[in-house]
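Hi,

Here is the structure I promised to pass on. My notes follow below it.

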Amino acid sequence: MENKQWQQEQERLELVRNKLEARIAELEPEVAGLHDQATDIRRRFWEEVTINTATDEDFEETFHNINQQSALLAERERGHKLLTEKWRNMTRLLPSPYFGRIDFQEDGLSLSEQIYIGVSSFIDEDGLSFLIYDWRTPIASLYYDYSPGPASYVTPTGRIEGTMELKRQYQIQNGQINNMFDASETIGDELLQQVLGKGADSQMKSIVATIQKEQNAIIRDDKSRMLIVQGAAGSGKTSAALQRVAYLLYKHRQSIRADQIVLFSPNPMFASYISTVLPELGEENMQQTTYQEFLDYWLGASLRPEDPFDQIEYVLTAQGTPGYEARLQGIAYKSSEAFLQALQNYGLWLGREGMQFTGIRMRDREVITAERMRSEFYGYDRSLPLINRVILLQEWLLNELTLLERKEREADWVEEELNYLDTDQYVEAFGMLHQEKELFDLAETYVSARERINKKRRADEGDFDYGLKEEELLRRKIVQGLFKPLRKSVKKFAFVDVKALYGQLFEGEAAYRERTNGAGLPPLWAKICEQTKEMLNRNELFYEDATPYLYVKELVEGVRMNTEIKYVFIDEGQDYSAFQYEYLKKLFPRARMTVLGDFGQAIYMQATSLDAADSPLIRLFGEADTSLIRLVRSYRSTKEIVEFTRAMLPGGEEIQAFERRGRKPLLSKLDDGEQRDAQIVADISALKAEGFDSIAVITKTAADSRDAHESLRAYGCEELRLITKETPEFEKGVMVIPVYLAKGVEFDAVLIYDASPEAYGRDNERKLLYTACTRAMHQLQLYTTGDWSPFVQSQPAELYEAAGY
Ligand SMILES: Nc1ncnc2c1ncn2[C@@H]1O[C@H](COP(=O)(O)OP(=O)(O)OP(=O)(O)O)[C@@H](O)[C@H]1O
């Protein structure tokens, strides 16, 4: 680029930075001052208000006073927040105010406008001219969607057409332009090359400067109730999801708060990996959770659900053990829409018969039996929905408890307890009594006043009988202590025996069919029933049973809902079952959903295809309310790695590599485990010497990870860390990790510990190996001590290098 242009751009940059600096300096004392003021008001809050409740007028004045003070405080705090936000945005802009520029000539206007784009807007003192446009403004979408030539963008008032005359990208650091490119293609590959060539980090980065057109469509989609993104490994799904959150928070800032958006991530470590992207963009983080966290919360302490990692560990390691096939069939069936349908039918059956209740016990006596509840329940109008009848039963039980409680006060055991009360309890009762006496006195005064007015006297003056009242009060207190928890558990529906209700589904084929109208049962149903019951008896649930169990619970107790949440994001969406999706839809009835995933990485049994014609996800909200976007370009890995990994997947040809070159994947065959481990340790040292600081040895299972960790450390790799499902944070470094925990994250170099047919031989292990290999950004190495996995063997020889030891 010409020197003159550089000079002009550098001058403009300095101008903008000077203005930024001036505004920051101007705001600084105000921001600091406001902060002090707010703290001061809060501190003096109670000093300023005098609490006086002597008369009604005093009380009213005090109330008014408090209100006024808190309104003042709220106003100051709001002002403070806005100013601080402004100040923070400007401070964030200062080192690198913008990353892009477009010159746009709107049709019908004579002048073309220069639009500089950065992470937030900055307006000149005149209050009108945008020195920097926020990347989320409508006009900024031109930058992502077009190359120079005819271009248009959509505003709330309609589409604006025109011509893009220039598109420029900048790399600005500490106020200096380091690099500048004029792009002829949509977002010049030049800048992307540089960004992607860097090393992996312990935290994901924002991609606003290089968002690709198809990613921009995901970020700005605002039409559909359901947005599905099927994207190859490394195609930027998670990145697009996070920038989409930032976009939504910007676009709907009047109506959506960050805590009304929730993202389901695959594991807690992943949550820590992506946690800095939104703050980097000046936005608050959305809520993050995992499906497991959510199950634990709703199931409460009574039942322990297995986690998905233990489930996959079983699927991968227990082949050949008794019951294995049945468990697999069970997982598939319990994750299906057919099972959901069967449970709906089960609800209808329960309306007629079969409800299971837990009797209410008190002091080793069953005071209301399950049998009585059942006959009361089935005595209600049968046309009422199940839930309404459960509520009627609940009311009936609360009533019964009141009657029982009254009766119980006269029981002998209460008398006995009275005798054993200690002094403290008497003192307490006396205190209560005293309070009550005042009430009684008031009542007395009232009654005598009325009598005076009516000029009528009562027959007995009725002295307050302390002795009697005290005993009555103490009896009431003793019995109340016993009934309070009973009442509480009735309110929580503890009288419905959900465990028995769920267990009742697994009492053999004939019973199941009768109760659910269930067609097409898996062949090993008898064994599935046995396995499920066995877990229930231990108060445990298989992972695949946890959501259906909650579903049955809600059939009888009513659906839980969170109506606050406006957007739900599901990352690694292929790992959720059709059943889970139905459940999430019900749980968040007001939310729009964005599901991002890759069926090529579907390593769990309950996986759901995102984009197949018969995908349950498309049916969830119906085709008219669903948009589907496919991402096929992979940005994470070098061209060599993408070419190698895509050949593992049927249909992988459609995956495109980004033109970033590196070494071909390296295959190392060694004679035995010892040699292999020694070699891996030597290779890790070599990779580190090359400058790679994030290196992962990936194994198939957690058990393999433990073994590999021990052995590799014994060969001298001291710094090697073992990552388990309990590891809370993602840190850079050298680590051993099982594939399913490495989902969603990336490393400079990946070493596949054992790429033999034993580890990755069956068809369901193909995607596991693909997922593992696609974690690599710059370097991929595979090891075996015997044959190669068929998914490696089938690779054309030109796609890899064989190590010659
Ligand atoms: N437009 C972009 N500009 C710069 N980097 C990008 C862009 N898109 C993706 N990347 C980078 O590519 C890598 C992969 O992105 P991301 O993790 O979002 O992909 P993904 O589709 O979620 O992958 P996976 O399915 O394998 O988890 C990240 O390092 C991300 O920063």
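How many nonpolar, polar and charged residues does the shell around the ligand have? Seven are nonpolar, eleven polar and five charged. Please bear in mind that this is a predicted model.

The ligand is surrounded by 23 residues. Thr210, Gly236, Lys237, Thr238 and Ser239 are the closest. Two helices, α4 (189–196) and α6 (237–251), each supply at least two residues of the shell.

Next, the sheet. Six strands form it, and it is open. The order is β10-β9-β15-β16-β8-β17, with parallel pairing. At the edges sit β10 (287–289) and β17 (626–631), each pairing on one side only. Neighbouring strands are turned by 15° against each other on average, direction ignored. Strand β8 (residues 226–231) is joined to β17 by six bridges. Glycine 231 stands opposite leucine 631 in β17.

Helix α6 also meets this part of the model. It lies across β8, β9, β15 (567–570), β16 (592–597) and β17. Relative to β16, α6 runs at about 160°.

One residue to look at is isoleucine 256, in the loop between α6 and β9 (261–264). Isoleucine 256 counts as partly exposed because it has 17 C-beta neighbours inside 10 Å; the buried class begins at 20. Leaving out residues up to four places away in sequence, isoleucine 256 touches Leu248, Leu249 and Lys566. Tyrosine 567 is 311 residues from isoleucine 256 in sequence, yet the two are 9.3 Å apart in space, C-alpha to C-alpha.

Best wishes

Definitions and conventions
Residues are numbered from 1 along each chain as its sequence is written. This is a predicted model: local features need pLDDT of at least 70, side-chain atom pairs count only at pLDDT 80 or more; totals for chains, interfaces and linings use all residues. A residue is near a molecule or strand if its C-beta atom, placed from the backbone, lies within 6 Å of it. Helices (H or I, at least four residues) and strands (E, at least two) are DSSP runs, numbered from the N terminus. Ala, Val, Leu, Ile, Met, Phe, Trp, Tyr, Cys and Pro count as nonpolar, Asp, Glu, Lys and Arg as charged, and the others, Gly among them, as polar. A residue is buried if 20 or more other C-beta atoms lie within 10 Å of its own, exposed if 12 or fewer, and partly exposed in between; C-beta atoms are placed from the backbone. Two residues are in contact if their C-beta atoms, placed from the backbone, lie within 7 Å. Two strands pair if DSSP finds at least two bridges between them. Axes are lines fitted to C-alpha atoms, for helices over the stretch in contact, and angles run from 0 to 180 degrees between N-to-C directions.
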